Amino acid sequence: MKAAIRYQYGGPAVISIEDVPKPNPKKGEVLIRVHSTTINRTDGGILRGKPYLIRAFSGLSRPRKTTPGTDFAGVVESIGEGVTSWKPGDRVMGLNDHGNAASQAEFMVTDASVHMIIIPEGISYQNAVASLEGAHYALNFLNKFSLQAGDRVLINGGTGGIGSAAIQLAKAEGLHVTATSSTAYMDKVKALGADEVIDYTKEDFTLQDNIYDHVFDEVGKRTFFECRRILKPGGIYISTELGPYWQNIWLALITPLVGGRKVIFPVPVDIPSTLVSMRDHLERGSFSPLIDRSYSLADIREGYTYVESGEKKGNVILELNQSN
Ligand SMILES: NC(=O)c1ccc[n+]([C@@H]2O[C@H](COP(=O)([O-])OP(=O)(O)OC[C@H]3O[C@@H](n4cnc5c(N)ncnc54)[C@H](OP(=O)(O)O)[C@@H]3O)[C@@H](O)[C@H]2O)c1
């Protein structure tokens, strides 16, 4: 089979496509024919081993897994001894948040207990896989504290993988959503469900008169100190990034003690709940992932380069076995 392989941390140039033996599922394992995976910012971080904290999960001096990949959508090809929860032919989607899925290959073998779920009927592999990584982060943001229907939230970066999912998931919770976008994508962000859209290239949202219950900086571009003035007393600020001098970690420790506006640092957890939640959303038709473009395995380096540019809109798909 063909697989993306890299033996060291680095940029897209460290990836090559190699012919490697198709893995055999051992006891308790499942072999999956991967149809689609995404190239996402988690994959980018693990490719480079940065921030260094990531290496605690992915390998200290070199990557533990030579094949990258965080999420997958495909078909169970065969099962190892003792596997009862899956059968050949099952259409599955799954997520392994530390880049350990090794899904950027035509086949992947995984422990049967690794988090995956049946893809709802009528949902394509692309739509299934594009509903996982960004949505997992977005759900973790929304689940970090109690939200009331009608709360006003500002989502900075409505076109990102996380932001585009967050808009839809926040609307499903009955929140009032204001999202930011560059000029060309304002209609797209509105179509995702945002009540209001601010063009971040023309207006600084931190200087406006509107006040929000919560600010979710989904692209990690604005600090708590900048957003403070548009937060209600007791309002929450969450960012996808550590912030200058990793301030979002220490602010998450200090601000709850001080009282008033608070920073929460969201470590994403509970993949099983994300999978159930996203399966239900896909079944109900209440979530439709934003997909930017697709790459073939042969063009995977270009795919990573584009994702690293910080310009992707929603999700970038890597196609493996193209009979979707
Ligand atoms: N280290 C990790 O493991 C990890 C994992 C996941 C996510 N993250 C972080 O989480 C963040 C979001 O990830 P993602 O996948 O959602 O991002 P993404 O899809 O790469 O976000 C890119 C989008 O952000 C928009 N954007 C760029 N600058 C902006 C600004 N100043 N204000 C508003 N929007 C802006 C871009 O729109 P335009 O091109 O139109 O400007 C683009 O559509 C990233 O910072 C990423 O590093 C880290």
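Which helix gives the most to the lining of the largest cavity? I started my notes on this predicted model there. It turned out to be helix 5, with four residues.

**Entry: the cavity**

I looked for cavities of 30 Å³ or more and found one. Its volume comes to about 40 Å³. I went through the lining and noted, among others, Gly161, Ser164, Ala165, Gln168, Phe287 and Asn315. Helix 4 supplies at least two residues of that lining, and so does helix 5. I then sorted the lining by class and got seven nonpolar residues, five polar ones and no charged ones. I checked the domains as well: domain 1 (2-130 + 289-319) and domain 2 (135-264) each give at least three residues to the lining.

**Entry: the ligand**

Next I turned to the ligand, which has 24 residues around it. I wrote down the ones that come nearest: Thr159, Ser182, Tyr200, Glu241 and Lys312. By class, I have eight charged, 11 polar and five nonpolar residues in this shell.

I picked out some side-chain distances to ligand oxygen atoms. For Ser182, an N or O atom of the side chain is 2.5 Å from one. I got 2.5 Å for the side chain of Glu241 too, and 2.9 Å for that of Lys313. On its own the ligand has 920 Å² of accessible area, and the protein covers 87% of that.

**Entry: where the shell comes from**

I traced the shell around the ligand back to helices 1 (41-48), 4 (133-142) and 5 (161-172), each supplying at least two residues. Domain 1 and domain 2 each put at least three residues into the ligand shell.

Notes:
Residues are numbered from 1 along each chain as its sequence is written. This is a predicted model: local features need pLDDT of at least 70, side-chain atom pairs count only at pLDDT 80 or more; totals for chains, interfaces and linings use all residues. Side-chain values use heavy atoms; hydrogens and water are left out. A residue is near a molecule or strand if one of its heavy atoms lies within 4 Å of it. A polar contact is a pair of N or O atoms within 3.5 Å; within protein, one must be able to donate a hydrogen and the other to accept it, and residues adjacent in sequence count only if both atoms are side-chain atoms. Accessible areas come from the Shrake-Rupley method with a 1.4 Å probe; for residues, only the protein chains shown count as cover. Ala, Val, Leu, Ile, Met, Phe, Trp, Tyr, Cys and Pro count as nonpolar, Asp, Glu, Lys and Arg as charged, and the others, Gly among them, as polar. Domain bounds come from an automatic or database domain assignment. On a 1 Å grid over the protein atoms alone, a cavity is a set of points where a 1.4 Å probe fits but cannot get out, and a pocket is an open set with protein on both sides within 12 Å along at least five of seven lines; lining residues have an atom within 4 Å of a point. Grid points are joined across faces, edges and corners, and a volume is the space filled by probe spheres set on the points.
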